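Student: I'd like to learn how to read pockets and a bound ligand in a model like this one. Can we walk through it together?

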Amino acid sequence: MILALETSCDDTSVALLDANGVVRSLVSVNQDSAHRPFGGVVPEVASRAHTENLLPLVEEAFRQAALTWKDVEAVAVTSRPGLIGSLLVGVVTAKTLAMVKNVALVDVNHIEGHLLAALLKDEHYSPPKEFGFPYLALAVSGGHTHIFRVDGAGRYTLLGRTIDDAAGEAFDKFAKMMRLGFPGGVRVDEGAKGGDVKAFKFPRGLYHEDNLNFSFSGLKTAALRQLESMSESERQARLADLCASYQEASVDVLVHKVERAAELTGLKNWTVTGGVSANSRLRARITESALKHGAVIALPPLRYCTDNAAMIGLAGLLKFKAGHRASQDLSPAASALPTDWQSP
Ligand code: KG4
Ligand code: ZN
């Protein structure tokens with residue numbers, strides 16, 4: 001078994017996985033209510049909540065899986081990228097547990113966890129039978145919008161990324177402008193139901209550029225201008241149309257760039273992961289596109305798409321099997337390491 005800890009942002013999460021990558025338990029504490037009064041994640045609040053929640057969650061993970069430390073061979077932990085104070089809580093806890101329990105320590109890049117999440121298994125989910133390496137992965141969340149070629153564990157090629165905001169960040173900012181509350185992405189998704197995707201014209205950043213990069217800052221500014229030109233009552237009356245049009249602008253580019261990446265690489269296995277992959281419109285559009293292009297799509301359930309320790313456990317397990325070990329000198333890093341992935 002491998003025990004995994006994830007504390008890179010505002011979710012505290014612990015998982016236990018067996019040697020086949022089957023999730024035996026996954027327990028998380030979501031800090032939304034602690035950050036809601038501030039309208040966004042406050043780093044100090046996040047670190048303190050991780051400190052309070054992490055060890056009780058470790059106990060709960062063992063309890064739910066009916067396992068003990070005797071069953072565990074390694075501890076995996078997210079060590080980068082993320083909020084440094086949040087990462088520190090996970091890394092210090094993992095190092096202490098590994099030393100005291102005399103088990104191996106494995107460090108994991110958070111995005112690597114997202115990339116491998118499609119391969120997780122439990123009693124309700126496993127990826128489509130035909131799905132496997134090499135595959136295309138769109139990792140899209142509040143912190144990242146990256147598109148990768150994944151050839152195996154530890155073998156990632158970054159094909160494109162956002163040059164400014166992440167897609168999730170753009171959803172969150174729009175929700176804030178619309179006063180829909182926090183967390184924003186899911187509120188926009190709900191608000192868009194029944195709305196007309198063509199009601200408002202919003203820009204599709206870098207859509208026609210022949211590269212696999214993304215840009216969402218223009219979309220955000222265009223939305224701000226649009227909202228400034230409307231009265232509060234107009235905004236309320238057109239809420240569904242505004243949300244649907246904004247959401248469609250994001251989803252259009254996300255789907256288009258996956259299609260373009262598939263064309264360039266010839267890859268027929270796709271996955272979308274990260275918090276924004278919870279978006280109902282993105283799920284529907286990418287599934288439709290995969291069908292049209294004869295591709296196999298793995299869309300893991302939401303518990304494996306948003307930040308969670310199970311994906312960190314799987315990345316840790318594959319690295320552990322490949323002989324990778326972290327030392328007690330391990331420190332967290334706010335950014336990825338140059339060796340974490342290659343550019344094409
Ligand atoms: O992966 P995640 O849990 O944390 C990060 O690493 O950022 O992703 C959180 C992001 C937030 O920006 C949130 O607004 C967005 O995912 N999100 C959504 C939806 N659910 C979560 N965005 C659009 N539609 C959703 N249904
Ligand atoms: Zn994430």
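**Pockets, ligand and backbone oddities**

Tutor: Let's begin with the second largest pocket, whose lining comprises six nonpolar, four polar and five charged residues. Keep in mind that this is a predicted model.

Student: How do you find such a space to begin with, and what is the volume of the second largest pocket?

Tutor: The general idea is simple: rolling a probe the size of a water molecule over the atoms shows where empty space is left. Here, the second largest pocket comes out at about 220 Å³.

Student: Which residues lie nearest the centre of the second largest pocket?

Tutor: Those are E112, G154, Y156, K319 and H324, out of 15 lining residues. If you prefer to think in elements, β5 (104-109) and α12 (309-321) are the ones that each give two or more residues to this lining.

Student: OK, now the main one. What is the volume of the largest pocket?

Tutor: The largest pocket has a volume of about 1,400 Å³. It has 43 lining residues, and D10, S141, G142, D172 and P183 are the closest to the centre. Two or more lining residues come from each of β3 (23-30), α5, α6 and α11 (302-305).

Student: Which element gives the most to that lining?

Tutor: That would be α5, which contributes seven residues to the largest pocket. As for chemistry, the lining of the largest pocket splits into 13 nonpolar, 19 polar and 11 charged residues.

Student: And where does ligand 1 sit?

Tutor: Ligand 1 takes up the space of the largest pocket. To read a binding site, start with the shell of neighbours and then look for polar atom pairs. Around ligand 1 there are 19 residues, with G142, D172, D189, G275 and N279 the closest. By class, that shell holds four nonpolar, 12 polar and three charged residues.

Student: Which polar atom pairs should I look at around the ligand?

Tutor: Try three of them. A backbone N or O atom of G275 is 2.9 Å from a ligand 1 oxygen, and a backbone N or O atom of G168 is 3.2 Å from an oxygen of ligand 1. With N279 you turn to the side chain: one of its polar atoms lies 3.0 Å from a nitrogen atom of ligand 1.

Student: How much of ligand 1 does the protein bury?

Tutor: Compare the ligand alone with the ligand in place. On its own, ligand 1 exposes 560 Å², and the protein buries 87% of that. The elements giving two or more residues to the shell around ligand 1 are α4 (110-116), α5 (167-177) and α6 (184-191).

Student: Let's switch to the backbone. Which peptide bonds are cis?

Tutor: Omega is the angle to check. The bond from R80 to P81 is cis, with omega near -25°, and P81 belongs to the loop between β4 (74-80) and α3 (84-101). The bond from F133 to P134 is also cis, with omega near -10°. You'll find P134 in the loop between α4 and β6 (135-140).

Student: What about phi at N102?

Tutor: There you look at the sign. N102 has a positive phi of about 55°, although N102 is not a glycine. Its place is in the loop between α3 and β5.

Terms used. Residues numbered from 1 in each chain as written. Chains lettered and ligands numbered in written order. Predicted model: local features only at pLDDT ≥ 70, side-chain atom pairs only at ≥ 80, totals over all residues. Heavy atoms only, no water. Near = heavy atom within 4 Å. Polar contact = N/O pair within 3.5 Å; in protein donor to acceptor, adjacent residues only side chain to side chain. Areas by Shrake-Rupley, 256 points an atom, 1.4 Å probe, with all protein chains shown as cover. 1 Å grid on protein atoms, 1.4 Å probe; cavity = no way out; pocket = protein on both sides within 12 Å on 5 of 7 lines; lining within 4 Å. Sits in = over half its atoms within 2 Å of the grid points. Helix = DSSP H or I, 4+ residues; strand = E, 2+ residues; numbered from the N terminus. Nonpolar A, V, L, I, M, F, W, Y, C, P; charged D, E, K, R; others polar. Points joined across faces, edges and corners; volume = space filled by probe spheres on them.
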